Amino acid sequence: MHVMRIFIAILYTLVNSVHSRELQMPIVEVNILGAGLHRKIAYIVRFNDSLVGAKCEYILKQNLPAAVYVNTDELEDLKRLGKLDGIFPRFVDIEVPTEKAKPFDVYLRAAPKIADNLILPIHYRYHAPHPVNRFSFVELTKPIMYIKCSSSEETLLESNRRYCLDCDLLNISPQTNQSIDNENCNWILLPPIYRIVSSLKASIPVGSKMAYTSVFYGTILISWCAVLWSMFSVFQRVQDIKYKL
């Protein structure tokens, strides 16, 4: 009986230690807002008291697949209004279809808070027509978090591995010997606790490849009919004017 009590006490201690360790990790809630081709990724980032108010900043690295793009003019406006602080490509071709586009990353920056709300507007690209499929499923990945603190606050973070953020190349990579003195090489990977509020998968309508020929010739026929009708209407109008004169 005494041995059983000791075993339960040890088990309780282990469970509590694991639970307390999890509570120290930030919590990232991810939610997709809206419907159709134009939506928003809403993040709620929660930090514990030890990091709130510290001289730290964090970034969320959100990978966007080829089927998703951002409007850089829209993000620049949000940045100018102080509603978004991020690093994103200078130019994104919003006209190309999914099959010709490439994935890229967007970085959102902020300081640790008890609860912080971040919004990233996204748009889904059109897909090339398919002979069978009527919908294409596009799934977003969970964001990756990195954090950087001043030298006086680094005791709050226990990690010997540092990462370098290249704002021009939109890339973050492990620190090398050549980049030790770089001030952008003090980022630490911080795995958060994820809470996915809504599905990160979206179904995008795809045109039917089998209907391409009929739609093509049907469009030509309708266009010619419209032209002939317009010409006939103009001619009839001219005849009416001549008759009145």
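**Close-up views of a predicted model**

**View 1. His 127 is a buried residue.** With a relative accessible area of 15%, His 127 counts as buried, because the cut-off for that class is under 20%. The model shown here and in the other views is predicted. His 127 sits in the loop that links β7 (116-124) to β8 (135-139).

**View 2. Polar partners surround the side chain of His 127 in this close-up.** A polar atom of the His 127 side chain lies 3.4 Å from the backbone oxygen of Arg 125. The side chain of His 127 also makes a polar contact of 3.2 Å with the side chain of Ser 136. Which residues does His 127 touch, leaving aside its neighbours within four places in sequence? They are Ala 67, Thr 98, Glu 99, Ser 136, Val 138, Ile 204 and Val 206. Ser 136 thus appears both in this list and in the polar contact between side chains.

**View 3. Five strands make up an open sheet.** The order of the strands is β5-β6-β3-β9-β12, and their pairing is antiparallel. β5 (86-87) and β12 (188-189) are the edge strands; each has a single partner strand, so one side of each has no neighbour in the sheet. Strands of a sheet pair through backbone hydrogen bonds, in either a parallel or an antiparallel manner.

**View 4. Strand β3 pairs with β6 and with β9.** β3 spans residues 56-64 and is mostly covered, with seven of its nine residues buried. Seven bridges connect β3 to β6 (residues 104-110) in the antiparallel sense. In this pairing, Leu 64 stands opposite Phe 104 of β6. β3 and β9 (residues 144-149) are joined over six bridges, also in the antiparallel sense.

**View 5. Ile 147 of β9 has a residue opposite it in β3 and in β12.** Tyr 58 is the residue that stands opposite Ile 147 in the pairing of β3 with β9. Ile 188 stands opposite Ile 147 in β12. β9 and β12 run antiparallel and are joined by two bridges.

**View 6. The whole protein chain gives the setting for these close-ups.** The chain contains three helices and 14 strands. Of its 245 residues, 33% are buried. Among contacts with a separation of 6 or more, 75% are between residues 24 or more positions apart. The accessible surface of the chain is about 16300 Å², and carbon and sulfur atoms account for 60% of that surface.

How values were computed:
Residues numbered from 1 in each chain as written. Predicted model: local features only at pLDDT ≥ 70, side-chain atom pairs only at ≥ 80, totals over all residues. Heavy atoms only, no water. Buried < 20%, exposed > 50% of the residue type's maximum accessible area, 1.4 Å probe, protein only. Helix = DSSP H or I, 4+ residues; strand = E, 2+ residues; numbered from the N terminus. Pairing = 2+ DSSP bridges. Polar contact = N/O pair within 3.5 Å; in protein donor to acceptor, adjacent residues only side chain to side chain. Contact = heavy atoms within 4.5 Å. Areas by Shrake-Rupley, 256 points an atom, 1.4 Å probe, with all protein chains shown as cover.
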